[in-house]
Amino acid sequence: MKRTGLVLGLTALGLLGLALTQGMMGGYGPGYGMMGPGMMGMGMGGMGMMAVYPPEAKPIPEEVAKARMEAYAKRLYPGARLKDFMAFSQNYYVQVVDERGQGLFELIADRYTGVVSPEPGPNMMWNTRYGMHGPIQAPVRYGLEEAKKLAEAFLKGFLPGARVIEEGAFPGYYTFDFGRKEVEGMLSVNAYTGEVWVHTWHGPFLGGHEE
């Protein structure tokens, strides 16, 4: 029994490690990933941390990226629409909301290959509706304004002079754009623990607009 428990434990750790690796580095291509169609493990395969391109590579047009991201989002939620489309050096980013404008999840698309995938980090690990861990049977501890204060407190040390510029609420967490004058980065705050997760995978901000 001890041996069986050890094997099962090692297997579980191995699967978790694989999921985390895919979440940060991509690897499943544009279809459904290891988590199946009900969770955000689907379709991993963006640029991740290993962005290797030929020297003549050119970014795909924003319109193409948005069309692919919209199609991907509607596979998960037919009434989905895109909000807050942004371009970074590494990827395109967009928030996905429902018919009432409530946040569902976040997507990225590789700027060069056009591969669409769930955004890694809090979108996969903290999202209580589409994430890896599912619903949490506990009340939310931090509302949007409280989470914003936590984000700004963190920014005082992380990037002195920066402030929250834009915010978005998702199941189980909040995402904030921040910068000193213009957007310089993005972070999320866990609605249950108050933990901060900086989105380090985007690269420099190139521009964006609300939908």
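In the predicted model, W126 is buried, with a relative accessible area of 13%, and this residue takes part in one of the 8 aromatic pairs that a search of the whole structure finds. The partner of W126 is W197, and the two rings adopt an edge-to-face arrangement, with 5.3 Å from centre to centre and 75 degrees between the planes. The pair links distant parts of the chain, since W126 belongs to the loop between helix 3 (122-125) and helix 4 (144-158), while W197 belongs to strand 8 (residues 196-198), at a separation of 71 residues. In contrast to the buried W126, W197 is partly exposed, its relative accessible area being 26%.

A second aromatic pair is formed by F154 and F158, which are stacked at 5.2 Å centre to centre with 25 degrees between their planes. Both residues lie in helix 4, where they are 4 residues apart, or about one turn of the helix. F154 is partly exposed at a relative accessible area of 31%, and F158 likewise counts as partly exposed, at 41% relative accessibility; because the limits for this class are 20% and 50%, neither residue of the stacked pair is assigned as buried. Ring pairs further connect F154 and F158 with F178, so that the three residues form a cluster. F178 falls within strand 6 (residues 173-179), whereas F154 and F158 come from helix 4.

Helix 4 also packs on a sheet, where it touches strand 5, strand 6, strand 7 (185-190) and strand 8, and its direction makes about 40 degrees with that of strand 6. The sheet in question is open and consists of 4 strands in the order 5-6-7-8, with antiparallel pairing. Its edges are strand 5 (163-170) and strand 8, each of which pairs on one side only, and neighbouring strands are turned by 25 degrees against each other on average when direction is ignored. Strand 5 and strand 6 run antiparallel and are joined by 7 bridges; within strand 6, Y174 stands opposite A169. The edge strand 8 is also the element that carries W197 of the edge-to-face pair.

The region of strands 1 to 4 offers a further set of local features. Strand 2 (residues 91-97) and strand 3 run antiparallel and are joined by 7 bridges, with Y92 having A109 of strand 3 as its bridge partner. The hairpin of these two strands has 5 residues between them, and G101 takes a positive phi near 85 degrees there. Strand 3 is in turn joined to strand 4 (residues 116-118) by 3 bridges, again in an antiparallel manner, and in this pairing I108 stands opposite S117 of strand 4. The hairpin of strand 3 and strand 4 likewise has 5 residues between the strands, and G114 in its turn has a positive phi of about 80 degrees. Strand 3 (residues 103-110), which takes part in both hairpins, is mostly covered, as 8 of its 8 residues are buried.

A positive phi also occurs at D84, where the value is about 60 degrees although the residue is not a glycine. D84 lies in strand 1 (residues 81-88) and counts as buried, with a relative accessibility of 6%. F85, a residue of the range spanned by strand 1, is involved in a contact of another kind, in that K66 lies over the face of its ring at 5.3 Å from the ring centre. A comparable arrangement is found for R75, whose charged end sits over the ring of Y72 at 4.8 Å from the centre.

With regard to the overall architecture, the protein contains 4 helices and 9 strands, and from the N terminus on its elements run α-α-β-β-β-β-α-α-β-β-β-β-β. Buried residues account for 46% of the 211 residues. Among contacts between residues at least 6 apart in sequence, 51% join residues at least 24 apart, and the pair of W126 and W197, whose members are 71 residues apart, links such distant parts of the chain. The accessible surface of the protein comes to about 10700 Å², of which 59% belongs to carbon and sulfur atoms.

Terms used. Residues are numbered from 1 along each chain as its sequence is written. This is a predicted model: local features need pLDDT of at least 70, side-chain atom pairs count only at pLDDT 80 or more; totals for chains, interfaces and linings use all residues. Side-chain values use heavy atoms; hydrogens and water are left out. Rings of Phe, Tyr and Trp (its six-membered ring) pair if their centres lie within 6.5 Å; planes under 30 degrees apart count as stacked, over 60 as edge-to-face and the rest as tilted. Buried means under 20% relative accessible area, exposed over 50%, partly exposed in between (1.4 Å probe, protein chains only). A charge sits over a ring if NZ of Lys or CZ of Arg is within 6 Å of the ring centre and within 35 degrees of the ring normal. Two strands pair if DSSP finds at least two bridges between them. Axes are lines fitted to C-alpha atoms, for helices over the stretch in contact, and angles run from 0 to 180 degrees between N-to-C directions. Contact means heavy atoms within 4.5 Å. Accessible areas come from the Shrake-Rupley method with a 1.4 Å probe; for residues, only the protein chains shown count as cover.
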